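Thank you for sending this structure for comment. My remarks are set out as numbered points, to be read beside the sequence and the coordinates.

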Amino acid sequence: MRRIVLDLQGGLLAEAVMQVLAGYDPDFIVYRSSKPEETLALCRTCRANVLVMEVIRQGIWKLSERIRLCSAVKNLGWDCKVLLLVDENADEQLAAEVRQTVKDQLADGFIYAS
């Protein structure tokens, strides 16, 4: 079983991603973090294989907070891939910063949301 944790701001997007992942492979178990402050604990509890986090410009979803959480997840003691989800059409500069974060190996990959 592959355990995937989603930390997404929008409820509709989170539900859509959960449905797609659950329908894609029956070996995927998808968890949704209710808020970013609980994401690390959820990853630890379920021994997540993948963490997908949405990045936006404001609040607790901003890139600097996501990078901090990436580091904490990497220090859990097992391999958990971290993917950052960004809307490249809404904020091209933020998308470029996310791409650079992956190039700098602070996260494992990125997904365009649009």
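The points below concern a predicted model, and they go from the sheet and its helices to the charged pairs, the cysteines and a few individual residues.

1. The sheet. Five strands make up an open sheet, arranged in the order β2-β1-β3-β4-β5, and their pairing is parallel. The edge positions are taken by β2 (28-32) and β5 (109-112), each of which has a single partner strand, so one side of each is left without a neighbour in the sheet. From one strand to the next the twist averages 25°.

2. The pairing of β1 with β3. Strands of a sheet pair through backbone hydrogen bonds, and this can be in the parallel or the antiparallel sense. Strand β1, covering residues 2-7, and strand β3, covering residues 50-54, are joined in the parallel sense over four bridges. For anyone wishing to check the register, I4 is found opposite V50 in β3.

3. Helices lying across the sheet. Helix α2 (residues 39-46) lies across β1, β2 and β3, and its direction is at about 170° to β1. Helix α3 (residues 63-74) lies across β1, β3 and β4 (81-86), running at about 165° to β4.

4. Salt bridges within short stretches. Side chains of opposite charge can pair when their charged atoms come close. The model contains seven salt bridges by the rule applied here, among them one between E38 and K35, with an N to O distance of 3.8 Å. Both partners are partly exposed, E38 with a relative accessible area of 36% and K35 at 41% relative accessibility. Another of the salt bridges joins E65 to R68, where the closest N and O atoms are 3.3 Å apart. These two residues are three residues apart in helix α3, so about one helical turn separates E65 and R68; E65 itself is partly exposed, its relative accessible area being 26%.

5. A salt bridge between distant parts of the chain. Which parts of the chain does the pair of E97 and R57 link? The side chains of E97 and R57 meet in a salt bridge of 3.4 Å, N to O, and the pair links helix α4 (residues 92-103), which holds E97, to the loop between β3 and α3, which holds R57, the two residues being 40 residues apart. Each partner counts as partly exposed, E97 at 28% relative accessibility and R57 at 42%.

6. The cysteines. The structure holds zero disulfides. In the case of C70, the nearest cysteine sulfur is that of C80, 9.3 Å away, and C70 is in no disulfide; C70 counts as buried, at 0% relative accessibility. For C80, the nearest cysteine sulfur belongs to C43 and is 5.0 Å away; since a disulfide requires sulfur atoms within 2.5 Å, C80 is in no disulfide either. C80 is also buried, with a relative accessible area of 2%.

7. S33. This residue has its place in the loop between β2 and α2. Is S33 buried or exposed? With a relative accessible area of 4%, S33 is buried, and its side chain makes a polar contact of 2.8 Å with the side chain of T39. Leaving aside residues up to four places away in sequence, S33 touches L6, D7, E38, T39 and L42.

8. R66. A reviewer may wish to inspect R66, which lies in helix α3 and, at 1% relative accessibility, counts as buried. Its contacts, not counting residues up to four places away in sequence, are with D7, P36, M53, E54, V55, I60, W61 and L84.

9. V86. The place of V86 is in strand β4, where V86 counts as buried at 1% relative accessibility. Apart from residues up to four places away in sequence, V86 touches V55, L94, A95, V98, I111, Y112 and A113. As a distance that can be checked directly, the C-alpha atoms of V86 and A48 are separated by 21 Å, the two residues lying 38 residues apart along the chain.

Notes: Residues are numbered from 1 along each chain as its sequence is written. This is a predicted model: local features need pLDDT of at least 70, side-chain atom pairs count only at pLDDT 80 or more; totals for chains, interfaces and linings use all residues. Side-chain values use heavy atoms; hydrogens and water are left out. Two strands pair if DSSP finds at least two bridges between them. Axes are lines fitted to C-alpha atoms, for helices over the stretch in contact, and angles run from 0 to 180 degrees between N-to-C directions. Contact means heavy atoms within 4.5 Å. A salt bridge is a side-chain nitrogen of Lys or Arg within 4 Å of a carboxyl oxygen of Asp or Glu. Buried means under 20% relative accessible area, exposed over 50%, partly exposed in between (1.4 Å probe, protein chains only). A polar contact is a pair of N or O atoms within 3.5 Å; within protein, one must be able to donate a hydrogen and the other to accept it, and residues adjacent in sequence count only if both atoms are side-chain atoms.
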